[in-house]
Amino acid sequence: MGPIQSIADVMSMLQRRIVLFTLVLSLGLLAALAYALSQPSVYEATSLIQLRNTNLAGDEALSAARRVQGIEQYLMRRENVLALIEKHGLFSDQPAMSDDDRLFAFREQNQIRMIDASGAVPGADTQISALLITSQAGNPQQAAQVANDLAASLMAQDARERTRTIEELVAFLDAEARRLNDQLEQIDRKIREVKNTNEEALPDRAESLRSELVQLRELQLELDRQVLVLERDQLAAELRTETEGSEQADVSLAARLSRLNSELAQSRRVLPSDHPEVQRIEAEIQALRDNPAAAGDAIGNRQAELIESQRRTLEEQKEVISARQQEILSAMARMPMVEQELAGLARNQAQLVQQLSGVALQLAQAQGQQSMRDTGAAAGMIVLEDAQPPEYAMASSRKRSLAMGGVLSFGAALLLIFLLELRNPVMRNALAIERQLGVVPIAVVPLLPSAARRLQKTIRFGLALAIFLAAITVGGYLFLNRDQPETQEASRSRADATQLFLDHARNVADARLS
């Protein structure tokens, strides 16, 4: 660092060149203040909107946040932003700005911030309670108008989004209800087809089929027994025919003639003589009288035919019973598959009925919400506070400019006096001699300042204080007249005062450097 090796050296350097340091610092601060005050004033207006939970579609915390973000993105589109700029005459004092610059500046100056119930920035699991719309402009009326316009546009777009959401929900639920009803009708039709196709294989017919099968088996045994009886009677008749003599034949013939005569007498009492039945009986009696032997053979043959006919009838009944048993066994074999198929259809039917109940409930709620929305009874956003024109401009940007100017001025003043010290590297104390030469001084005699040097030092500090006070005076004047329109004479007077101060400071600096 040359002659500056410690904090004490820095303080000594500041004392020796306090006038120049104060002059450069004061000029830098005045320049920074003039620049900060020359920046256009920025006014900020705020509008507060409350979000109400109306239990309508899309009013959940997360969906509300997403909906507001989507609306914000919609409002900040290029077309909408340029339309707002044109409507409110923003940036009219800066015709050189391009559309992209205006778009970027508008998005930076207008923000929509979501606030949860606790007042913090909302996250994924918090519930939004309010929206804070801030707008910045060079005019207080413009800032308030833009904020209120954004609030109105936000509420209108939110109402449209809610209406569209409810309409889409109603349409979807209605289509879903129709689809579920169609599926239920298909399942009902399928169940009827399965029951009609497998009427005897239904699970509820199992007990009756088993009882019928038992009865058929008993009947089959009875028919088998009757067949055996008929076969035995047929065999007995054949043996009886072979062993019977003429006496038995005559007895049989006489008995038959007696029976026929009795039938003829009864028929004649109720029927005319020319009736076919009467004629048949008379013809049969005449035939028996004309040929008794043939009549006996006919009786035996007729008895045999009767037994054979009964046996055939029993066999047919047995075949019918066997076929019915096969049908019952086949139905009982298909019964598990039919039961499984019906159970699956019943489960699907129950699921569809449950889904249809849920969809019907949601559809009723959505239609109620739509009715509330149509009547205006469910406003999701309410303006709690309209944006009002602010009384004072924002000072944050000016403060940043002034602080940065002060830091740069201090650094420039310190650098300037340091460079001047480098031009005159004088060893002023014993430590400097020891550092530079490596020799420890034998004795150190302090320098006693004379009266003239003490006066010069006092004048130097007084001049620095005067420069600092003059800078404070000029800065205060600039600050107090920052928002007042300035006449030409006042401007000329301020310029003359500033020039006089600069000339005086330059003369002091020249005298000091010489």
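The UniProt record, an unreviewed entry, places the feature "transmembrane region" at residues 402-420 and 461-480. The model examined here is predicted. In this model, residues 402-420 are 100% helix and 0% strand. The C-alpha atoms at the two ends of that segment are 27 Å apart. Residues 461-480 are likewise 100% helix and 0% strand, with 28 Å between the end C-alpha atoms.

Helix α11 spans residues 396-423 and contributes F410 to an aromatic pair. A search of the whole structure finds one such pair. Its members are F21 and F410, whose ring centres are 5.5 Å apart. The ring planes meet at 85°, so the arrangement is edge-to-face. The two residues are 389 positions apart, and F21 belongs to helix α2 (residues 18-38). The pair thus links distant parts of the chain. Burial of the two rings was also computed. F21 is buried, at 8% relative accessible area. F410 is partly exposed, at 41%.

A413 also lies in helix α11. Its relative accessible area is 1%, so A413 is buried, the cut-off for burial being under 20%. A413 and F21 are separated by 392 residues in sequence, yet their C-alpha atoms are 5.1 Å apart. Neighbours within four places in sequence aside, A413 is in contact with F21, V24 and L25.

Charged pairs were examined next. The count comes to 12 salt bridges. One of them joins D100 to R78, with 2.9 Å between the closest N and O atoms. This pair links distant parts of the chain: R78 is in helix α4 (residues 78-88) and D100 in helix α5 (residues 99-109), 22 residues apart. D100 is partly exposed, with a relative accessible area of 46%. R78 is partly exposed too, at 34%.

Other salt bridges sit within a helix. D174 pairs with R178, the closest N and O atoms being 2.3 Å apart. Both residues lie in helix α6 (residues 140-197), four residues apart, which is about one turn of the helix. D174 is partly exposed at 34% relative accessibility, and R178 is partly exposed at 46%. In helix α7 (residues 206-243), R225 and E222 are three residues apart, again about one turn. Their side chains meet in a salt bridge at 2.2 Å, N to O. R225 counts as partly exposed at 44% relative accessibility, as does E222 at 30%. Elsewhere, E161, R164 and E168 are joined into one network by salt bridges that share partners.

Methods:
Residues numbered from 1 in each chain as written. Predicted model: local features only at pLDDT ≥ 70, side-chain atom pairs only at ≥ 80, totals over all residues. Heavy atoms only, no water. Phe/Tyr/Trp six-rings, centres within 6.5 Å; stacked < 30°, edge-to-face > 60°. Buried < 20%, exposed > 50% of the residue type's maximum accessible area, 1.4 Å probe, protein only. UniProt positions renumbered as here; feature names shortened; annotations may be inferred. Contact = heavy atoms within 4.5 Å. Salt bridge = Lys/Arg side-chain N within 4 Å of Asp/Glu carboxyl O.
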